[in-house]
Structures are given as C-alpha cells and as structure tokens.
Amino acid sequence: MNTAYFYLTDEGEELAQRLSAAHPGDLFGKENFKETLRNAFLQYDYLVCIMATGIVVRILAPMIEHKTSDPGVVVMDQKGRHAISLLSGHLGGANDLAREMAYFSGGQAVITTATDVAGELSFDTFAKKYGMSIENIEQLKHISGALLSKKPVRVVSRCAYPEVLAAADEGKMQLISVRDFSALYSEGNAPEPVPTVVIDEGFCIPENTSRKDTAATSNAPFPVLYLRPRTICVGIGCKRNAGSFSIEEALITVLNEEHISPLSLKCISTIPLKANEQGILFTASQLNLPVTVISTEDIAALDFEELNISQSDFVSEQTGVPSVSTASAYLASGKGTILRDKAKFEGVTIALSRREDFPSL
C-alpha cells in the first residue's frame, strides 16, 4: 500500500518527515500542489494531507467517485494534534491510517463513521481485513442501519470468524451455517425476514421459498449483503498455445457448475512447464489474479491415492507429473479442500481447491 504525504509549511514538512520515517511514503510540498495532489489521488492508496481540511476538500471534491475505489485520505494539522479520517474510512483504510498517524504524532484520531462511533462491526472493514470481495455494496447501508438501530442482523456463513462469533455471543447478531440455512429452504420454511449478511464463496438466498436451487439467484425478499471470501485456487492444465477464450470459458463453466462466484478466486496455479502459456497469463490478467507456479517436486511428493486425485499416464509422460490442474490447485490452496478434481475440456483441464483459514461452523 503506497502513501503520499503533502505539506504546505515548514512545520508541516517536519511532521511529514517524522511520520514517513515510521510509515514510509513519498513527500510533496507546495510546488504544483493542486495538480500533484489530484494526480496522487489516482495513483496512491493513502493520502496524508498536513493542512486545513477545507483546502483538501475543495481540491479533491471533483475527483471523488466511490468508496470502493477512492483512496483513504487523512487530514492533519501541522502540530499533529488531530488526524482526521476524511475519505474512504473503511474500504480505503482511512480510519486505521488516522489511528496510526495519531499514534506516531502523539495526537488524537478523529473518526466519524457511525459504526465505529457506536462500537458496531462494520462489514466493509471486516471484508477488507479478510480480503473479501463485496458483491453488492449498495446493500451495506441496510446492514449498518440495522446494527445502529439495535435491530436483528443474521449472518449466514460457512466459517467461524472471530468478530462475528463475538457479536453473536453479545446477542447483536444471529449466526447460522450455510448448511443449516440452506436446509430451511429445502424443507420449505421461510426464515425470518431480517437483514442478512452471507459470507460464502457462492451461496445465494433464493428469491422465494419454493426454489431448491440455492445458488440460482441473489434476489432475496429481504436485504442481503454478499461477501465473497477469496479462498478458491484454480488449477489449470492445457495443451501448448491453448487460447485464452477456451481457458476462460472452461473456468467459468466449472465455476457455474460448482456454484462459486468468480469474486472468490484467489489465484490461478499451474506447473513450470505451463507458466509462460499466454492463454493462462491472459486469463489471469483479465480476472486480476496472480499466477502461482507449483514445482513438479512438490507435486510428485503428493499421495495421489489418499487424496483421491485422478492421474494420467499421458500427462505424466508430457509433464513429468501425473496431475497438473488438481495437484496445482491443492498445493496453491495450502493443501486445503479439493472442490473439483480435473474437469476435462478440449485442450484444457480445470480444478478447484479451497483454502481453509478458519474452522467451519
């Protein structure tokens, strides 16, 4: 995360230097100030502006788009007495940055976001902390509003996250597993219509209780916020010069079959022999995913029989290992849970494995 410090006075420069020594970043003074600040808004993750709040507001106002994309902006007085979280407090990280700057300056952080002031769990901060994608952030206001009004909020999750468990223990939330919540629908029961947070790689609440395909739609009869944990590692094997269209089409097909959101993908993995395949690299870039290359030595050391990973003599002859896609996905996930063994397509194989960072409910 890159940070830019801006100052307009000598005392402000001294503070910027002191802060950047503890939290490294680039320093900018008065020269071409307005243009430089606006350019930094587009290039940096964090902006720390040591000056009057009004100056920052007037310059950056035309640049502001949405809290999901704007950088975190903190404004400080030149003596470091106050660090104001001005913009993108949660997703942009300005609240945490303000606390950090106040700690280093010996001042006080000024936080005005309602959930923080009320001491309630903020699910956009929660999502940022755990690297989750927010599928429909427009629903966040309903969840936060319910929490602030001390009304019931239901959390449907596969995993036991500490903050959610604590809130449930305090009676602030109703926690239920995806498995149990899905069973309500399969039995024809309608759950209580309260604002709901779903934390899962693909589960969606049905539009009405007569549907049994719980991943068919996200149009629920009550407010639902979907958080997609980035836990799914994709393993890809392919013939030489396989096209990116074929690879991406195969991947999307498997994701649909397994009812997994593309927002939950963590990485694409393969073996060294395929590490420079342009089709794989282009697919990864289109999905904004890193490519993890798994060594053939690590794959060869696996117990394929015990893991129930399908093997191929032909693949072994061509690559030196009996499995490319499934073995790669499994190891990339930290030896997690194999969700889909090798799915075969024309010139492409796809496998899915999920990281297990938290215990299941």
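# A guided tour of the predicted model

The largest pocket holds about 560 Å³ of space. To find this pocket in the viewer, select Cys238, Lys239, Lys274, Gln318 and Thr319, which are the closest to its centre among the 23 residues that line the pocket. Please bear in mind throughout that the model is predicted.

Next, colour the elements around this pocket. Those that give two or more residues to the lining are β12 (232-238), α14 (313-319), β15 (337-345) and β16 (348-354). Which of the elements gives the most to the lining of the largest pocket? It is α14, with 4 residues. If the lining is then coloured by residue class, the largest pocket shows 8 nonpolar, 9 polar and 6 charged residues.

**The second largest pocket**

Move now to the second largest pocket, whose volume is about 300 Å³. Select Lys67, Thr68, Leu91, Gly92 and Lys128: of the 18 residues that line the second largest pocket, these are the closest to its centre. Two or more lining residues come from each of α6 (123-129) and β7 (132-134). Within the second largest pocket's lining, β7 gives the most, with 3 residues. By class, this lining divides into 7 nonpolar, 6 polar and 5 charged residues.

**The six-stranded sheet**

Switch to a cartoon view and locate the open sheet of 6 strands, which has the order β2-β1-β3-β4-β5-β6 and mixed pairing. Why is one side of β2 (26-28) and of β6 (108-110) left without a neighbour in the sheet? Both strands stand at the edges and each has a single partner strand, so no neighbour in the sheet is present on one side of each. On average, neighbouring strands of this sheet are turned by 20° against each other, direction ignored. As background, the strands of a sheet pair through backbone hydrogen bonds, either parallel or antiparallel.

**Strand β1 and its partners**

Select residues 3-7, which form strand β1. Strand β1 pairs with strand β3 (residues 46-50) in the parallel sense, over 5 bridges. One place to inspect here is Thr3, whose bridge partner in β3 is Tyr46. β1 and β2 also run parallel, joined by 3 bridges. For this pairing, display Ala4, which stands opposite Asp26 in β2.

Show the side chains of β1 next. In a regular strand, side chains alternate between the two faces of the sheet. Here Thr3, Tyr5 and Tyr7 point one way from β1, while Ala4 and Phe6 point the other way. Are the residues of β1 buried or exposed? The strand is mostly covered, with 5 of its 5 residues buried.

Add helix α2 (residues 33-43) to the selection. This helix lies across β1, β2, β3, β4 (72-76) and β5 (82-87), and runs at about 160° to β1.

**A stop at Ile176**

For the final stop, centre the view on Ile176, which is found in strand β9 (residues 174-177). Because its relative accessibility is 21%, Ile176 counts as partly exposed; the cut-off for buried is under 20%. Which residues does Ile176 touch, not counting residues up to four places away in sequence? Its contacts are Arg154, Val155, Val156, Ser157, Phe181, Leu184 and Leu361. To set Ile176 within the wider chain, draw a distance to Tyr330: the two residues are 154 residues apart along the chain, and their C-alpha atoms are separated by 28 Å.

Key: Residues numbered from 1 in each chain as written. Predicted model: local features only at pLDDT ≥ 70, side-chain atom pairs only at ≥ 80, totals over all residues. Heavy atoms only, no water. 1 Å grid on protein atoms, 1.4 Å probe; cavity = no way out; pocket = protein on both sides within 12 Å on 5 of 7 lines; lining within 4 Å. Points joined across faces, edges and corners; volume = space filled by probe spheres on them. Nonpolar A, V, L, I, M, F, W, Y, C, P; charged D, E, K, R; others polar. Pairing = 2+ DSSP bridges. Axes fitted to C-alpha atoms, helices over the stretch in contact; angles between N-to-C directions. Contact = heavy atoms within 4.5 Å. Buried < 20%, exposed > 50% of the residue type's maximum accessible area, 1.4 Å probe, protein only.
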